[in-house]
Amino acid sequence: MENVVLIIHLILALGLIAVVLLQRSEGGGLGIGGGGGAVSGRSAATALGKITWILAAGFIATSITLTIIAAEKSAGSSVIDRLSATPPEQNQDGSPALPAGDDLLPPSADGNTPLVPAAD
């Protein structure tokens with residue numbers, strides 16, 4: 001069921017892209033310009049405009065359907081439940097194993113070099 005809805009969703013998305021690209025530009029960007037459309041307040045609905053609305057409504061409906069299907073699939077489970085249950089490595093006294101302190105310091109040129117900057 002999920003695959004069928006997903007395929008329909010992808011077809012609607014591609015159709016919506018194609019229909020929007022086929023429509024005639026109304027003029028300047030961000031709604032500026034447009035000729036006589038600003039005088040009448042509303043332009044006439046074309047067939048491409050109606051198809052755009054139908055494809056957009058179908059796209060939103062399939063988006064909501066896919067969201068509901070995904071929520072039902074994941075109900076009662078968590079990402080934490082899916083992780084492996086191997087505990088971290090621990091020492092004999094029960095504390096977590098840490099790297100040795102010498103491994104954390106940068107290497108020095110020779111053994112006499114101080115590991116901290118000298119104060120002037």
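Biologist: What covers the buried residues of H3?

Modeller: Helix H1 is part of that cover. This is a predicted model, and every value here is computed from it. The buried residues of H3 are Gly49, Thr52, Leu55, Gly58, Thr62, Leu66 and Ile69.

Biologist: Which helix do the buried residues of H1 pack against?

Modeller: They pack against H3, residues 47-73. Packing here rests on contact, which means heavy atoms within 4.5 Å.

Biologist: Why is Thr62 called buried?

Modeller: Its relative accessible area is 10%. Buried means under 20%, so Thr62 qualifies. Thr62 sits in helix H3.

Biologist: What is Thr62 in contact with, leaving aside its neighbours within four places in sequence?

Modeller: Val5, Ile8, His9 and Leu12. Three of these names, Val5, His9 and Leu12, also appear among the buried residues of H1.

Biologist: Why does Thr52 count as buried?

Modeller: Thr52 has 16% relative accessibility. The cut-off is under 20%, so Thr52 is buried. Thr52 also belongs to helix H3.

Biologist: Which residues does Thr52 touch, not counting those up to four places away in sequence?

Modeller: Leu16, Val19, Val20 and Gln23. Of these, Leu16 and Val19 are listed as buried in H1.

Biologist: Which residues of H1 are buried?

Modeller: Val5, His9, Leu12, Ala13, Leu16 and Val19.

Biologist: What makes them line one face of the helix?

Modeller: Look down the axis of H1: the buried residues fall within an arc of 140 degrees, so they line one face. The general background is helix geometry. An α-helix has 3.6 residues a turn, so residues three or four places apart point the same way.

Biologist: Which residues are exposed on the other side of H1?

Modeller: Asn3, Ile7, Ile11, Leu14, Leu21 and Leu22.

Biologist: Why is Leu21 called exposed?

Modeller: Its relative accessible area is 69%. Exposed means over 50%, so Leu21 passes. Leu21 lies in helix H1. Leu21 also joins Leu14 and Ile17 in a nonpolar surface patch, with about 360 Å² of accessible area together.

Biologist: How do you know that the span of H3 agrees with 1.5 Å a residue?

Modeller: H3 has 27 residues and should span 39 Å. Its end C-alpha atoms are 39 Å apart, so the two values agree.

Biologist: How far does H1 reach from its first C-alpha to its last?

Modeller: H1 runs over residues 2-22, which is 21 residues. Its reach is 30 Å, close to the 30 Å expected at 1.5 Å a residue.

Biologist: How many salt bridges does a search of the whole structure find?

Modeller: The search finds 1.

Biologist: What makes the meeting of Glu2 and Lys73 a salt bridge?

Modeller: The N to O distance between their side chains is 2.9 Å. The cut-off is a Lys or Arg nitrogen within 4 Å of a carboxyl oxygen of Asp or Glu, so this pair counts. The pair links distant parts of the chain: Glu2 is in helix H1, Lys73 is in helix H3, and they are 71 residues apart. As general background, side chains of opposite charge can pair when their charged atoms come close.

Biologist: Why does Glu2 count as partly exposed?

Modeller: Glu2 has 30% relative accessibility. Partly exposed lies between the buried limit of 20% and the exposed limit of 50%, so Glu2 belongs there.

Biologist: And why does Lys73 count as exposed?

Modeller: Lys73 has 61%. The limit is over 50%, so Lys73 is exposed.

Biologist: Why is Leu48 called partly exposed?

Modeller: Leu48 has a relative accessible area of 30%. That falls between 20% and 50%, so the label fits. Leu48 is in helix H3. Not counting residues up to four places away in sequence, Leu48 touches Val19, Leu22 and Gln23.

Biologist: What separates the C-alpha atoms of Leu48 and Arg24?

Modeller: The separation is 9.5 Å, with the two residues 24 apart along the chain.

Biologist: Why does Met1 count as exposed?

Modeller: Met1 has 73% relative accessibility. The threshold is over 50%, so Met1 is exposed. Met1 belongs to the segment before H1. Its C-alpha is 8.9 Å from that of Ile69, 68 residues along the chain.

Biologist: How many helices and strands does the chain have?

Modeller: There are 4 helices and 0 strands. Of the 120 residues, 11% count as buried.

Note on methods:
Residues are numbered from 1 along each chain as its sequence is written. This is a predicted model: local features need pLDDT of at least 70, side-chain atom pairs count only at pLDDT 80 or more; totals for chains, interfaces and linings use all residues. Side-chain values use heavy atoms; hydrogens and water are left out. Helices (H or I, at least four residues) and strands (E, at least two) are DSSP runs, numbered from the N terminus. The expected span of a helix is 1.5 Å times one less than its number of residues. Buried means under 20% relative accessible area, exposed over 50%, partly exposed in between (1.4 Å probe, protein chains only). The arc is that of the directions from the helix axis to the C-beta atoms. Patches are made of residues with over 30% relative accessible area and no salt bridge: like charges are joined within 9 Å, nonpolar side chains (Val, Leu, Ile, Met, Phe, Trp, Tyr) within 5 Å. Accessible areas come from the Shrake-Rupley method with a 1.4 Å probe; for residues, only the protein chains shown count as cover.
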